[in-house]
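Got the viewer open and a cartoon on screen? Let's take a walk through this one, one selection at a time.

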Amino acid sequence: NGGMMKRKHPGQPFMNYISVASVDRMLKTIAANGGKITLPKQEIGKGMGWIAAFMDPEGNMIGLHQEPKK
């Protein structure tokens, strides 16, 4: 199904992922501006990069994805 990830539990909200150059830098910016980190940076598999997630001040969940170095 095109590499889409299945929900891990019923009721899990839909989440968009944004590609960023550096998850670490973006998480610092998010925390400094009132966002809440809900998923700390973690590797998603050999050579697939890293993800993290946060909740913005309005309660929206947003994911971050950092590509691995080529």
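Here is a tour of a predicted model, going from the overall fold to the strands, the core and a few single residues.

**Stop 1: the whole chain.** Start in cartoon view and colour from the N terminus. You should find one helix and four strands, in the order β-α-β-β-β. Now switch on the surface: the accessible area comes to about 5400 Å², and carbon and sulfur atoms hold 58% of that. Of the 70 residues in the protein, 26% are buried. As for how the chain folds back on itself, take the contacts with a separation of 6 or more: 34% of them link residues 24 or more positions apart.

**Stop 2: strand S4.** Select residues 61-66, which make up S4. Is this strand enclosed or open? Five of its six residues are buried, so S4 is largely enclosed by the rest of the structure.

Next, add S1, residues 16-19. S1 and S4 run parallel, with four bridges joining them. To see where they line up, show Ser19, which stands opposite His65 in S4. Then pick Val20: beyond its neighbours within four places in sequence, it is in contact with Met26, Leu64, His65 and Gln66.

Now bring in S3, residues 50-55. S3 and S4 run antiparallel and are joined by six bridges. Trp50 is a handy marker here, standing opposite Gln66 in S4. Follow the chain from S3 to S4 and you trace a hairpin with five residues between the strands. Click on Gly59 in that turn, where phi is positive, at about 90°.

**Stop 3: strand S2.** Select residues 36-43 for S2. S2 pairs with S3 in the antiparallel sense, over five bridges. Show Ile37 and look across to Phe54 in S3, which it stands opposite. These two strands also form a hairpin, this time with six residues between them. The glycine to click in this turn is Gly45, with a positive phi of about 135°.

Stay on S2 and select Leu39. Leu39 counts as partly exposed because its relative accessibility is 24%, and the buried class needs under 20%. Setting aside residues up to four places away in sequence, Leu39 touches Ile51, Ala52 and Ala53. For a distance to draw, try Leu39 to Gly63: they are 24 residues apart in sequence, with their C-alpha atoms 8.6 Å apart in space.

**Stop 4: the core.** Hide the cartoon and show side chains for Val20, Val23, Leu27, Ile30, Ala52, Phe54, Ile62 and Leu64. These eight residues are the largest nonpolar core. Helix H1 (23-32), S3 and S4 each give two or more residues to this core, and H1 has the largest share, with three. As a general point, nonpolar side chains in soluble globular proteins tend to be buried together.

**Stop 5: the aromatic rings.** How many aromatic pairs are there? The count comes to zero. There is still something to see at a ring, though: go back to Trp50 and add Lys41. Lys41 lies over the face of Trp50, at 5.2 Å from the ring centre.

To finish, put the cartoon back and pick out the pairings once more: S1 with S4 in parallel, S3 with S4 antiparallel, and S2 with S3 antiparallel.

Notes
Residues numbered from 1 in each chain as written. Predicted model: local features only at pLDDT ≥ 70, side-chain atom pairs only at ≥ 80, totals over all residues. Heavy atoms only, no water. Buried < 20%, exposed > 50% of the residue type's maximum accessible area, 1.4 Å probe, protein only. Contact = heavy atoms within 4.5 Å. Areas by Shrake-Rupley, 256 points an atom, 1.4 Å probe, with all protein chains shown as cover. Phe/Tyr/Trp six-rings, centres within 6.5 Å; stacked < 30°, edge-to-face > 60°. Lys NZ or Arg CZ within 6 Å of the ring centre and 35° of its normal. Core = buried A, V, L, I, M, F, W, Y, C linked by side-chain atoms within 4.5 Å. Pairing = 2+ DSSP bridges.
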